[in-house]
Amino acid sequence: MKAVILLSGGLDSSTVLYQAKADGCECYAISFDYQQRHSKELESARKIAEFAGVVEHQVVTFDLSLWGGSALTDNRLDLPQDRSTEIMAGSIPITYVPARNTIFLSFALAYAEAIAARKVYIGVNALDYSGYPDCRPDYIQAIEEVFRLGTKQGREGDPITIESPLIHLAKTEIIKLGNRLGVPWEFTWSCYAGEEKACGVCDSCRLRLAAFAELELIDPIAYIAGNR
C-alpha cells in the first residue's frame, strides 16, 4: 500500500516514517521549504529519507515568511528560550505557524491522490507541551473528513485516511518506539534556531533533551557547548 509521509527531519516525523515502513507501506516522503528559520531540518529530512529507502522524496517550496506571524518565519521575533514545561503548557507559543499543518496536509493530500496512495502519515502529538491547535485529535478528525469530501477518491468510496500514530504518546514513548524501529537519531534535527549546532535552549530542544535524559540516553546530535 502506498503512503505519503510528512517528513520534517525531526524526531517525531522520522519515527512516523519508520512506523509507516513497519506497517508495510511503500513510502513517499514530502517535506516543505517554507522559508523557515530552521531550514537546516531539510538536510536531515533528505538524510532520513535516503537512509530509510523511500520510493520518492518531494521537497515543496513556498514562502510563509511573506506574512510572518511566527517566530519560525519572521526573524524579527525572538524564539522563546529556557522555558520550563509548565510555562510551555500555559499558552500556544509564538513558534506556532498559522495554519501550517493545514497547508502541509493539503499538499500531502494532492500528492497522495495523484499517486493513488491510501494513507497520509503525520507526526502530530497532542501531548507536546507546545500545544499547537493543528496537532490535536479533533483537528485530525476534521481534516480527514475534508480528505473524504474534497477528493475524487473520497467521493468514490475509497477515501485517503490520515495516520497519526504518535498523537497520544509522550516524547519518551516516541523515543522508545523509534529505538525499536531503528530510527537513526543522529540524522534528525529538532532545533528551531537554525544554526549549525542545536541551540539546546529553544522549546523544541528542551523537550527533546528532557526526554532523552529521562530515559538515561544520550542525544547523539551536536549542541552548542554548555547547552546540552
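This briefing looks at three helical regions and two single residues of the structure shown above. The model is a predicted one, and residues are numbered from 1 along each chain. The topics are the lengths and buried sides of helices α2 and α5, the crossing of helices α7 and α8, and the backbone angles of Gln35 and Glu216.

**Helix α2**

- Helix α2 runs over residues 41–52, and its 12 residues should span 16 Å at 1.5 Å a residue, which agrees with the 16 Å that separates its end C-alpha atoms.
- The buried residues in α2 are Glu41, Leu42, Ser44, Ala45, Ile48, Ala49 and Ala52. Because they cover an arc of only 150° around the axis, they lie on the same side of α2.
- These buried residues of α2 pack against three elements, namely α1 (11–22), β2 (26–33) and β3 (56–61).
- Just after the end of α2 comes Gly53, whose phi is positive, at about 75°.

**Helix α5**

- Helix α5 covers residues 137–149, and the distance from its first C-alpha to its last is 19 Å, close to the 18 Å expected for 13 residues at 1.5 Å a residue.
- Tyr139, Ile140, Ile143 and Phe147 are the buried residues of α5. Their arc around the axis is only 95°, so they are placed on the same side of α5.
- Asp138 and Gln141, by contrast, are exposed on the other side of α5.
- The buried residues of α5 are covered by elements that include α4 (100–114), β4 (119–121) and β5 (161–163).

**Helices α7 and α8**

- The axes of α7 (residues 171–181) and α8 (residues 203–214) come within 9 Å of each other and cross at roughly 70°. With that angle, α7 is roughly perpendicular to α8, and the crossing of the two helices is right-handed.
- In this contact, α7 contributes Lys171, Thr172 and Ile175, while α8 contributes Leu207, Ala211, Phe212 and Glu214.

**Positive phi outside glycine**

- Gln35, which sits in the loop between β2 and α2, has a phi near 65°, and this is a positive value in a residue other than glycine. Its relative accessible area is 40%, so Gln35 is partly exposed.
- Glu216 belongs to the segment after α8, and its phi is near 60°, again a positive value in a residue other than glycine. Glu216 counts as exposed because its relative accessibility is 73%, where exposed requires over 50%.

Key: Predicted model: local features only at pLDDT ≥ 70, side-chain atom pairs only at ≥ 80, totals over all residues. Heavy atoms only, no water. Helix = DSSP H or I, 4+ residues; strand = E, 2+ residues; numbered from the N terminus. Expected span 1.5 Å × (residues − 1). Buried < 20%, exposed > 50% of the residue type's maximum accessible area, 1.4 Å probe, protein only. Arc of directions from axis to C-beta. Contact = heavy atoms within 4.5 Å. Axes fitted to C-alpha atoms, helices over the stretch in contact; angles between N-to-C directions. Parallel < 35°, antiparallel > 145°, perpendicular 65-115°, else oblique. Left-handed = near helix turned anticlockwise from the far one by under 90°.
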